[in-house]
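Me: Walk me through one part of this model, close up. I'd like to know what it's leaning on and what its side chains are doing.

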Amino acid sequence: MKPILSKPQLGYSKAKKKFEDKSKVLEKRIEETAKLQEVTQEVMEGLVIETGFHDAFNDLRTAEDELIEWSHNTMKHEKTYKDNKQAIDDMYVKLESDPQMRARIIQLAMRVR
C-alpha cells in the first residue's frame, strides 16, 4: 500500500523526478555537442537553458523550500519536537549554510506521515 503523501511531499517528488529527467537530457546533449565542438562555458549555459535543466533546478529548489517549511511547521505539533525544540530549531537554522543538513532534513521530511 502506498503511503499518503502531503502536497509538499508530492510536489518535491515530482520536481525531483523532473530534475533527474532533465539532467539525463543535459548529459546526453553535452556528449553530442562535445563530438562536434568544444563545450565552453557559453555553450554549456546555452545547453542548460535549452534542455530545461535550469528551470527544473529552480523548480526543485522551490519544492525543497516548501517541503522544509511544511516539515518544520508539521513537526511543531509533535511531542518529540517539544522535548527537543532547541536542537531541532538549530538544525533548521543551518539549512542555508550546510548542504548536508539540508539534504538530511529533506530526507526526514519525506518520511513524515
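Reply: What follows is a close look at helix α5. First, the small print: this is a predicted model, where local features need pLDDT of at least 70 and side-chain atom pairs count only at 80 or more, while totals for chains, interfaces and linings use all residues. Numbering runs from 1 along each chain as its sequence is written, and side-chain values use heavy atoms, leaving out hydrogens and water.

Helix α5 covers residues 85–93 (helices are DSSP runs of H or I, at least four residues, numbered from the N terminus). Its buried residues are I88, D89 and Y92 (buried is under 20% relative accessible area, exposed over 50%, partly exposed in between, with a 1.4 Å probe and protein chains only). Seen down the axis, they fall within an arc of 100° (taken from the directions from axis to C-beta atoms), so they line one face of the helix. Q86 and V93 are exposed on the face turned away from that buried side.

What does the buried side pack against? The partners are α3 (53–75), α4 (79–83) and α6 (99–109), with contact meaning heavy atoms within 4.5 Å.

Now for a charged pair: K85 and D89 make a salt bridge, with the closest N and O atoms 2.9 Å apart (the rule is a Lys or Arg side-chain nitrogen within 4 Å of an Asp or Glu carboxyl oxygen). Both sit in α5, 4 residues apart, about one turn of the helix. D89 counts as buried at 16% relative accessibility, whereas K85 is partly exposed at 44%.

Terms used
Helices (H or I, at least four residues) and strands (E, at least two) are DSSP runs, numbered from the N terminus.
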